[in-house]
Amino acid sequence: MRLTRLQKALWAAAGIAVLAYGALLWGPYRAPALVSEAPFRPTFSLPDDAGRLYSPADFAGKHLLVFFGFTNCPDVCPTTLSEVAQVIDDLGPDADKVQPLFISIDPERDRRLGLAAFTAAFHPAIIGLAGDADQTRAAADSFRIHFAREDDAAAPDGYTMSHSPALYLIGPEGDWLRQFTYGTPASEILADLKSRL
Amino acid sequence: MKSVALFAALTLTAPAAFACEPFAVGDLTIEHAWSRATIGADRPGVFYVEITNAGSADDALVGIATPAAGMPMLHETVVTDGIASMPHSMSVPVPAGQTVALAPGGYHGMLMGLVTALKEGGSFPVTLTFQRAGEVTVTVDVLSMRAEGPDCAHAGQ
Ligand SMILES: [Cu+2]
């Protein structure tokens, strides 16, 4: 009897072990196929123009619309910020559930030129963040975005920036939800947000 | 041609913005020239326009000049492998029978070295140089920073 019980217990343990092992296998096996789609929680620790440090925890409970750019960019960045501003306007009473963030990938120059005045010209709700080189690189890496300084003798200060121009949507718990590719109409972004709020 | 002249006459009598007034040189019609307001003069301004080539020969926009900026250049925003950059363009092709737009996210005039801030509601001249048609000076409307283009249908009514 005892032996049988022990055997049962052992079999049960073995069964659980097999299931657990299977689950372990299943996890890593699934991950590579979904690596670009897998939810992840990008993070940042960056100051605004006034020096107040922000991280995702400061916006817990809100959706974040995050754009990486630089204020010396007269084409791509104003277009996207205009769309973000339109989305915030059109959200009406739901606007306080969405925080738009502009993260500078040219922080030194943007701080010098004034980031808050620039973002406020599009919409007062947009918070502009500009850290030091390390904070900026860490934020970009966390969001898995690319940016690079390109030397260009004809450009102001002798350089310009290349960067990922997409808009990223982060959920109220901090998880990455999706990206809107550059040029996505404001109406499409609005419809997507409304379906989530 | 007749309809262009009529359109021009209508827009001149209406309180239309300059951006809605077409300019012509040779076979080319140039309209919807606009820019975005800037905060101060330290950041580059932008120049957008539409060019229609009604002729049978290809042309190209090879340069822009303006008293509003020390170094105006033609640029093209390109997104390659998810990265946006804006290399210089030596010229913008204006093929026969086609309309080409300098528009957000594509070709644009990059107005570096602004002489003064571009104020919403203001305007400034830009001279365009074409390979075949030669030079033409157009008036550029400064729209709000949030503008995505001039609202000409409305202005012409
Ligand atoms: Cu440019």
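Three exercises with worked solutions follow, on a structure that is a predicted model.

**Exercise 1.** Which arrangement do the donor atoms around the copper ion have?

Solution.
- Step 1: list the donors. The protein supplies B:His75 through ND1, B:Met86 through SD, B:His108 through NE2 and B:Met110 through SD, at 2.2 to 2.4 Å from the copper ion.
- Step 2: check the angles. The 4 donor atoms subtend angles of 95 to 120°. Four donors count as tetrahedral if all angles lie between 85 and 135 degrees.
- Step 3: conclude. The arrangement is tetrahedral because of these angles.
- Step 4: place the donors along the chain. Their spacing in sequence reads H-x10-M-x21-H-x1-M. B:His75 belongs to strand β5 (residues 69-76) of chain B and B:Met110 to strand β10 (residues 107-114) of chain B, so this pair ties together parts 35 residues apart in sequence.

**Exercise 2.** How are the rings of A:Phe67 and A:Phe102 paired, and are these residues buried or exposed?

Solution.
- Step 1: count the pairs. Over all chains there are 10 aromatic pairs.
- Step 2: take the geometry. For A:Phe67 and A:Phe102 the centres are 5.9 Å apart and the planes make 40°, a tilted pair.
- Step 3: locate the residues. A:Phe67 is in strand β3 and A:Phe102 in strand β4 (residues 98-104) of chain A, 35 residues apart.
- Step 4: check burial. Both A:Phe67 and A:Phe102 are buried.

**Exercise 3.** Which charged ends sit over the ring of A:Tyr159?

Solution.
- Step 1: A:Arg109 has its charged end over this ring, 4.1 Å from the centre of the ring.
- Step 2: A:Arg149 also has its charged end over the ring of A:Tyr159, at 3.8 Å from the centre.

How values were computed. Residues are numbered from 1 along each chain as its sequence is written. Chains are lettered from A and ligands numbered from 1 in the order in which they are written. This is a predicted model: local features need pLDDT of at least 70, side-chain atom pairs count only at pLDDT 80 or more; totals for chains, interfaces and linings use all residues. Side-chain values use heavy atoms; hydrogens and water are left out. Donors are N, O and S atoms within 2.8 Å of the metal (3.2 Å for Na, K and Ca); water is not among the atoms, so sites may look incomplete. Four donors count as tetrahedral if all angles lie between 85 and 135 degrees; four count as square planar and six as octahedral if opposite donors are over 155 degrees apart and all others between 65 and 115; anything else is irregular. Helices (H or I, at least four residues) and strands (E, at least two) are DSSP runs, numbered from the N terminus. Rings of Phe, Tyr and Trp (its six-membered ring) pair if their centres lie within 6.5 Å; planes under 30 degrees apart count as stacked, over 60 as edge-to-face and the rest as tilted. Buried means under 20% relative accessible area, exposed over 50%, partly exposed in between (1.4 Å probe, protein chains only). A charge sits over a ring if NZ of Lys or CZ of Arg is within 6 Å of the ring centre and within 35 degrees of the ring normal.
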